[in-house]
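Reader: Hello! I'd love a close look at one part of this model, and I come from the bench, so please explain the terms as you go.

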Amino acid sequence: MPLEFELCPGRMIGGDQPCFIIAEIGINHQGDVEIAKKMIKMAKDCGADCAKFQKSILEYKFNKRALERPYNSKHSWGASYGEHKRHLEFNKEQYEELQKYANEVGIFFTASAMDEMAVEFLDDMNVPFIKVGSNDTNNFPYLEKTAKTGRPMVVSSGMQSLETMRKVYKTLKKHDVNFTILQCTSCYPLEVQDVHLRVIPEYQKEFPDIPIGYSGHESGIGISIGAVAMGAKVLERHVTFDKTWKGNDHAASLEPSELAEMIRSIRALELAFGNGYKQIWPCEEPFRRKLGKSVVARVKIPKGETLTEKMLTVKVAEPIGIPAEEIYELLGKTVQQDIEQDDSVLPEMVENYSKKAKH
Ligand SMILES: CC(=O)N[C@H](C=O)[C@@H](O)[C@H](O)[C@H](O)COP(=O)(O)O
Ligand SMILES: C=C(OP(=O)(O)O)C(=O)O
């Protein structure tokens, strides 16, 4: 399987492709379709590639007692966890409305499938790829089912060991499905010492034929930009209109100005990566001419003298002379005209000196 693949129609990821940026709306829409739409538009306006939600079919994601447990958090939308989750869940019609809206806006639309029924739900919706949230990454029947849809998979790896991730990789390889693995630590918000960006190159070594990415829950944008510098080819961040809103994820999310700034910085960083060639670039020429150093006579050198190191020095000189890096090639050669002290040494002043001064 190649290191690059098509994650969404017409959008390759991996290799030298720009990092694919997922704006994770998740549950930050507060259960309100109109807010969700505004968030889709905001993600597009900020330059994200994809707007993502979280789809659960609650009776399949949770057992009864988990749905009944009290949820006394300040982030709760109901007395029980089930009521809270029901408030945040969009139905099929609402998903279709959001998908249609994302299409109009021109941004890819998908969700994490939070249980096996949600996989079917999203597959029926023809989403471009399925996100596997960290809490399903060790759920092998679910992974097999998702892989069988044939849709590319973005697999997060919070709350998992390397051993489990090796099993995940082998399982998905068996199904010949395109997938990427994201480094992730599942804490909300995530403290910097718990980020572990060095897992990105570790994953690259472990899984050399798939793109590796990062799903971040930290505050701010610097660490995610760093993740891209370390090779993340997919980046997912939660987004919000207001970090102080009620809800578990808002504090670990980016507000629009941060999202836009992060994406601008990532796109600039990608340009800055360059192609790995080291050479003198055209943009450096004026500066090389002004600031670059040439060989200069340290003393007056009469015609016929043989050049020694003591006769020469290196300075910013006018006119530009033989470049500094060629000074040793001059030693032992004969000068064919007088050179005054502090004058540039020019190629035509030196016998059999074939190299031309670089102008
Ligand atoms: C692991 C996982 O699912 N994480 C998700 C993605 O990052 C989160 O958005 C959770 O859904 C969210 O933090 C849950 O919050 P509450 O429990 O208040 O609904
Ligand atoms: C839980 C999710 O993601 P992550 O594990 O990457 O935070 C998700 O996308 O629903």
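To set the scene, how far apart are the centres of domain 1 and domain 2, taken over C-alpha atoms? After that, please take me through the residues around ligand 1, and add whatever else helps me find my way.

Author: Happy to! Taken over C-alpha atoms, the centres of domain 1 and domain 2 are separated by 61 Å. Domain 1 covers 17-273 and domain 2 covers 282-349, with bounds that come from an automatic or database domain assignment. A word on ground rules: this is a predicted model, where local features need pLDDT of at least 70, side-chain atom pairs count only at pLDDT 80 or more, and totals for chains, interfaces and linings use all residues. Residues are numbered from 1 along each chain as its sequence is written, while chains are lettered from A and ligands numbered from 1 in the order in which they are written.

Now to your ligand. Around ligand 1 you will find Gly26, Ile27, Gln54, His75, Gly133, Ser134, Asn135, Ser186, Tyr188, Asn248 and Asp249; a residue belongs here if its C-beta atom, placed from the backbone, lies within 6 Å of the ligand. By class, this shell has 2 nonpolar, 8 polar and 1 charged. Here Ala, Val, Leu, Ile, Met, Phe, Trp, Tyr, Cys and Pro count as nonpolar, Asp, Glu, Lys and Arg as charged, and the others, Gly among them, as polar.

Tyr188 of that shell has another feature: a cis peptide bond joins Tyr188 to Pro189, with omega about -10°. Pro189 sits in the loop between β8 (179-183) and α9 (199-206). Helices (H or I, at least four residues) and strands (E, at least two) are DSSP runs, numbered from the N terminus.

Gln54, Gly133, Ser134 and Ser186 appear around ligand 1 and also around ligand 2. The shell of ligand 2 also includes Ser112, Lys131, Ser156, Gly158 and Glu236, and its classes come to 2 nonpolar, 8 polar and 2 charged residues.

Two helix pairs can help you get your bearings. Helix α1 (residues 33-45) and helix α5 (residues 92-105) pack at about 25°, their axes 10 Å apart; axes are lines fitted to C-alpha atoms, for helices over the stretch in contact, and angles run from 0 to 180 degrees between N-to-C directions. The two helices are therefore roughly parallel (under 35 degrees; over 145 is roughly antiparallel, 65 to 115 roughly perpendicular, the rest oblique). Val33, Ala36 and Ile40 of α1 are among the residues making the contact, as are Leu98 and Tyr101 of α5, where contact puts C-beta atoms, placed from the backbone, within 7 Å. This contact has 7 nonpolar, 1 polar and 4 charged residues.

In the other pair, the axes of α7 (residues 140-148) and α8 (residues 162-174) come within 10 Å and cross at roughly 30°. Phe140, Leu143, Glu144 and Ala147 of α7 meet Val168, Thr171 and Leu172 of α8.

Definitions and conventions:
Two residues are in contact if their C-beta atoms, placed from the backbone, lie within 7 Å.
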